[in-house]
Amino acid sequence: MLNRNLFDCFSEPNTKKKIAPNSDGDSADIPSILNVNKIKHDDPNNYNYAKQSLRICTNLKYDIKRLHDGQDYLKMMLDKIFNQLNNQTNSNSDSCSLNHYDIPHVTNENDLNEWEDTIKDSSYLSKIAQQLSLMGSHSISETVRKLMQRLFSDTFLVDYSFIGFKGKKTFSNLRSCDLIKLAVRKVPLFQNASDNEIEKPLKSFMAQASARLKLKAIKTKVIPVNTYSQNTDAPHEKDL
């Protein structure tokens, strides 16, 4: 009878369970299996069975809890994914009239002045930031790098620093700087990013503009190759 009511005993710890009346019409009380000390030690088989069952059910209890926690986490992640997809769909519909040709690649001061006048309007700046946020990456620094490469050439950035260091022009007081910050924060992963978290990779990217230009010049340098001139006596294919 103890084995038949074992799982009933687990369901309510520290309580007593009534079993079905026996042949004499009396009901028997069985102590909770969780309190193994109350099981009579004169029956070692039942006692050992109770201890083993208690250990198994305790492990099951924590396994089930971990499963529930895992399900809650998966549900939370799915909700985030769906929300992000909905946000991207909404942003695409809101900015359907915009395309990448509306966003120039600034290479000189004239380009900058025209662009700064264009994004003076806050509503337009917000739409541009929403479009640029689609370039968001796995980290803030990578997102900033992509945005800066999209908006500015290195030949332009070499004359600027974030705060006008060493006599260079100041970038932080431009409307374009506000655009970069807003675009980063419109990426769902970075919506709570601080100014410092965005400015740090921005300063680094601007400071390396000169080095990138030198590296590009080395890579694109034309190396003379000895070739036959049309006026030389080099063998022609038909002579071979």
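This is a short talk on three helix packings and one pocket in a predicted model.

Hi everyone, and thanks for making time. Please keep in mind throughout that the structure on the screen is predicted.

Let me start with helix α5, residues 140-151, and its packing against helix α8, residues 195-207. Their axes come within 9 Å, and the crossing angle is roughly 50°. That angle makes α5 oblique to α8. As for handedness, α5 and α8 cross in a right-handed way. Which residues of α5 meet α8? From α5 we have Ile-140, Ser-141, Val-144, Arg-145, Met-148 and Gln-149, and they meet Glu-197, Ile-198, Pro-201, Leu-202, Phe-205 and Met-206 of α8. Sorted by class, this contact holds eight nonpolar, two polar and two charged residues.

Now stay on α5 and look at another partner, helix α7, which covers residues 175-185. Here the axes are 10 Å apart and the angle is about 135°. So α5 and α7 are also an oblique pair, and their crossing is right-handed. On the α5 side the contact uses Ile-140, Thr-143, Val-144, Leu-147, Met-148 and Leu-151, while α7 brings Leu-179, Ile-180, Ala-183 and Val-184. How many charged residues does the contact of α5 with α7 have? There are no charged residues in it, with nine nonpolar and one polar making up the contact. If you are following in your viewer, try picking out Val-144 and Met-148: both appear in the contact with α8 and in the contact with α7.

Next, α7 from another side. Helix α4, residues 122-132, packs on α7 with axes 8 Å apart and an angle of about 50°. The two are therefore oblique to each other, and α4 passes α7 in a right-handed crossing. From α4 come Ser-122, Leu-125, Ser-126, Ile-128, Ala-129 and Leu-132, and from α7 come Arg-175, Leu-179, Leu-182 and Ala-183. The class count for α4 with α7 is seven nonpolar, two polar and one charged. Leu-179 and Ala-183 of α7 are worth colouring, as they turn up in the contact with α4 and in the one with α5.

Last stop, the second largest pocket, with about 280 Å³ of space. It is lined by 13 residues, and the closest to its centre are Tyr-160, Ser-161, Phe-162, Phe-165 and Ala-207. Which element gives the largest share of that lining? That is α8, with three residues. Strand β3 (160-161), α8 and α9 (209-219) each supply at least two lining residues. By class, the lining divides into eight nonpolar, two polar and three charged residues. So α8 links the two halves of this talk: α8 packs against α5 and also helps line this pocket.

That's my tour, and I'm happy to take questions.

How values were computed
Residues are numbered from 1 along each chain as its sequence is written. This is a predicted model: local features need pLDDT of at least 70, side-chain atom pairs count only at pLDDT 80 or more; totals for chains, interfaces and linings use all residues. Side-chain values use heavy atoms; hydrogens and water are left out. Axes are lines fitted to C-alpha atoms, for helices over the stretch in contact, and angles run from 0 to 180 degrees between N-to-C directions. Helices (H or I, at least four residues) and strands (E, at least two) are DSSP runs, numbered from the N terminus. Angles under 35 degrees count as roughly parallel, over 145 as roughly antiparallel, 65 to 115 as roughly perpendicular and the rest as oblique. A crossing is left-handed if the near helix is turned anticlockwise from the far one by less than a right angle, and right-handed if clockwise. Contact means heavy atoms within 4.5 Å. Ala, Val, Leu, Ile, Met, Phe, Trp, Tyr, Cys and Pro count as nonpolar, Asp, Glu, Lys and Arg as charged, and the others, Gly among them, as polar. On a 1 Å grid over the protein atoms alone, a cavity is a set of points where a 1.4 Å probe fits but cannot get out, and a pocket is an open set with protein on both sides within 12 Å along at least five of seven lines; lining residues have an atom within 4 Å of a point. Grid points are joined across faces, edges and corners, and a volume is the space filled by probe spheres set on the points.
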